[in-house]
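Colleague: I've never looked at this one before. Could you bring it up and walk me through it?

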Amino acid sequence: MRIQRIKLKNWRNFPKVDVTLLNRIFVIGPNASGKSNFLDVFRFLRDIARGQGGGLQQAIKDRGGLSKVRCFAARTNPLVEIEVYLGGDDNGGQNYVYRLGLTQETRGSRRPIVKYEGVLRNGKEVLVRPDEKDDADTERLTETHLEQTSANKEFREVAAFFNSVCYLHIVPQMVRAPEMSIAPLQGDDPFGRTFLERLAKTPHKTTKGRLKRIENALKIIAPQLKELAFEPDSKGQPHLIAKYEHWRPDAGRQDETQFSDGTLRAIGLLWTLQEGTALLLIEEPELSLNGEIVKQLPGIISKVTRKNKRQMLVSTHSYELLSDKGIAPEETIILKPAKEGTTAHLASDDIVTREMIQSGMSIAEAVLPLAAPENAIQLSMRFDATGN
Amino acid sequence: MPATPVFFSIVFEDSLSEAVIERLLKLSPMEISIVRRINGRGSGYIRSRIRSFFSAAVHQEPFLVLMDSDKEDCALHLLDKLVPPGKRNRKCLFRIVIREIESWLLADTRGISQFLGISEAMISRRPETLADPKDHLIQLARRSKKKDIADALVPAPGTSVVVGPEYNQTLVPFVRNIWDINSAAKRSESLRRAVEAIITFGT
């Protein structure tokens with residue numbers, strides 16, 4: 001299953017969004033345009049669907065309250081609305097629409113509450129809220145049915161899909177020294193902190209196959225690399241070991257504490273790409289990642305989305321990454337900030353962009369200049385022509 | 001109130017020529033918004049892509065491309081070579097600067113002399129005939145009474161670079177705030193034509 005379309009109203013810095021999503025999506029935009037906020041809607045749905053330790057109240061609380069989630073530009077219509085279209089050929093052709101409208105109590109502790117919640121399965125309504133039970137007991141509106149196993153039988157597939165959404169933003173220091181991290185872990189591993197543990201839990205054969213693929217990708221930046229392996233040390237602690245060609249036997253061995261930041265990030269990223277089939281959100285993979293690996297990423301991502309039927313959303317600034325001529329404008333979402341909030345469009349909506357791509361230019365050449373920071377400066381004849 | 005703005009994509013060689021384009025577009029009687037800024041990082045990229053810009057440009061979303069002629073003496077000859085007459089249209093403004101963008105800056109002799117703190121008489125009267133306008137500008141900066149300007153524009157002794165360490169950072173504010181484009185257009189034919197093309201664009 002994958003997300004085919006997303007509609008948002010008053011979500012964070014987006015007053016209104018309606019975009020279709022292919023299997024591989026690149027989200028681009030200037031700094032502070034809301035790339036993370038856009039990805040966050042999928043994490044938000046995951047946090048709601050998580051049930052234990054999650055749920056609507058917690059998901060809103062983690063984000064600093066509904067006022068932080070609601071678009072600052074929202075005035076007359078304070079509802080925060082999310083509508084997700086799910087489908088795909090790998091689940092028996094079932095398709096769903098999940099929609100959620102949120103507001104908050106008008107008195108008391110002003111908790112966030114469900115204004116409406118609905119699910120369509122193959123065009124048929126299987127959930128419509130508020131229902132009579134909600135009317136009789138308004139306390140029920142503090143929770144979604146998405147987070148309740150007892151209530152989501154008709155669309156459990158949707159809940160499971162959201163629950164499995166994976167977010168990746170690896171910080172190398174945290175892989176090396178997990179004891180240094182302070183924030184409590186919230187059920188998933190956004191910062192790659194428990195990366196080594198995850199490796200240890202994976203069946204040996206799977207680990208070997210994945211490491212082999214990572215090894216091949218890493219050889220682009222480190223041709224001397226001979227083998228990447230996962231081995232316990234004398235105390236039984238597992239370590240990632242890289243073996244290099246070296247004239248002295250055993251001299252060319254490094255464990256993860258000796259890897260460069262770029263190597264660690266590359267390994268973490270390439271591992272996670274291969275792990276599972278759930279929607280994967282990747283935040284700015286180019287940060288501290290070797291440029292040569294960055295150039296390969298669109299191709300690697302395409303391969304995984306094709307073979308594992310896995311959907312991936314990648315936020316990026318990277319000229320190198322977007323220079324891949326295989327990236328289509330239909331796969332590219334461009335965010336444009338303005339006074340009234342940020343808009344999101346497919347790059348293919350713009351006729352000039354389509355023409356530039358068709359004449360052989362890359363997204364980096366044709367679309368990235370739209371996200372230039374000095375953008376949207378209104379020039380007018382009122383400017384003094386001489387500047388004196 | 002003005003009608004919908006015209007959305008320009010601009011193509012330039014570096015931040016200095018970008019600043020020049022911004023000044024040029026301010027001369028237009030139309031409401032203009034720059035939507036796409038393409039930094040070609042030199043003329044090689046622009047030469048290789050210029051025909052794409054001509055084919056991508058549409059009526060409400062035109063292109064303005066500014067490129068140095070470098071070694072080429074004749075702008076028209078260069079234009080014919082890069083874009084044959086049949087491939088041109090009026091939705092892409094392709095302006096070629098004779099030699100280098102510095103020749104357009106130098107053409108405002110009064111502005112340059114005040115900015116660098118040198119006598120106006122030292123500046124070439126015909127900047128388009130200079131074989132190396134950038135070098136001319138730097139040689140003038142060497143004789144500047146303003147130490148700050150000289151240090152910024154002139155390569156430090158012992159280095160083998162062509163321009164000083166704060167070359168563009170220093171000249172961009174000059175272009176934005178001081179450069180008198182109309183007076184410069186009187187000494188530079190390629191600038192005069194560019195100004196005319198901008199003012200009459202869309203009419």
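Colleague: Let's start in β7(A): which residue is the bridge partner of Val119(A)?
Modeller: Strands here are DSSP runs of E with at least two residues, helices are runs of H or I with at least four, and both are numbered from the N terminus. β6(A) and β7(A) pair in the antiparallel sense over five bridges; two strands count as paired if DSSP finds at least two bridges between them. In β7(A), the partner of Val119(A) is Leu127(A).

Colleague: Before we go on, what kind of model is this?
Modeller: Residues are numbered from 1 along each chain as its sequence is written, while chains are lettered from A and ligands numbered from 1 in the order written. Side-chain values use heavy atoms, with hydrogens and water left out, local features need pLDDT of at least 70, side-chain atom pairs count only at pLDDT 80 or more, totals for chains, interfaces and linings use all residues, and the model is predicted.

Colleague: Back to that hairpin of β6(A) and β7(A): which residue takes a positive phi?
Modeller: Two residues lie between the strands. The one with a positive phi, near 45°, is Asn122(A).

Colleague: How many residues of β6(A) are buried?
Modeller: Buried means under 20% relative accessible area, exposed over 50%, and partly exposed in between, using a 1.4 Å probe and protein chains only. β6(A) is mostly covered. Out of its 10 residues, the buried ones number seven.

Colleague: And on β6(A)'s other pairing, with β5(A), how many bridges are there?
Modeller: β5 (residues 96–104) and β6 (residues 112–121) of chain A run antiparallel to each other. Thr103(A) is bridged to Ile113(A), and Arg99(A) stands opposite Gly118(A). The number of bridges in this pairing is nine.

Colleague: Which strands stand at the edges of the sheet they belong to?
Modeller: This open sheet has six antiparallel strands in the order β2-β1-β4-β5-β6-β7 (chain A). Two of them have a single partner strand each, so one side of each is left without a neighbour in the sheet. From one strand to the next, the twist averages 10°. Those edge strands are β2 (14–20) and β7 (124–129) of chain A.

Colleague: At what angle does helix α1(A) run to β1(A)?
Modeller: α1 (residues 35–49) lies across β1 (2–11), β2, β4 (80–87) and β5 of chain A, where contact means heavy atoms within 4.5 Å. Axes are lines fitted to C-alpha atoms, for helices over the stretch in contact, with angles from 0 to 180 degrees between N-to-C directions. Relative to β1(A), α1(A) runs at about 105°.

Colleague: Which helix packs on the sheet of β9, β10 and β11 in chain A?
Modeller: That open sheet is ordered β9-β10-β11 and is antiparallel, with β9 (225–232) and β11 (253–255) of chain A at its edges. The twist averages 25° between successive strands. The helix touches β9 and β10 of chain A, and its direction makes about 145° with that of β9(A). It is α8 (residues 204–218) of chain A.

Colleague: In the hairpin of β14(A) and β15(A), which turn residue has a positive phi?
Modeller: The two strands pair antiparallel over four bridges, one of them putting Ile333(A) with Leu346(A). β15 (residues 343–346) of chain A has a covered face, Ala344(A) and Leu346(A), and an uncovered one, Thr343(A) and His345(A). Six residues separate β14(A) from β15(A), and the one with a phi of about 115° is Gly341(A).

Colleague: What about α9(A): how far does it reach from its first C-alpha to its last?
Modeller: α9(A) covers residues 261–274, and 13 of its 14 residues are buried. The expected span is 1.5 Å times one less than the number of residues. That expectation is 20 Å, and the helix comes close to it, with a reach of 20 Å.

Colleague: Last one: which element gives the most to the lining of the largest pocket?
Modeller: A pocket is an open set of points on a 1 Å grid over the protein atoms alone, where a 1.4 Å probe fits with protein on both sides within 12 Å along at least five of seven lines; lining residues have an atom within 4 Å of a point. The lining has 27 residues, with Arg193(B) and Ala197(B) among those nearest the centre. Elements giving two or more residues are α3 (75–82), β4 (92–97) and α10 (189–200) of chain B. With six residues, the top contributor is α10(B).
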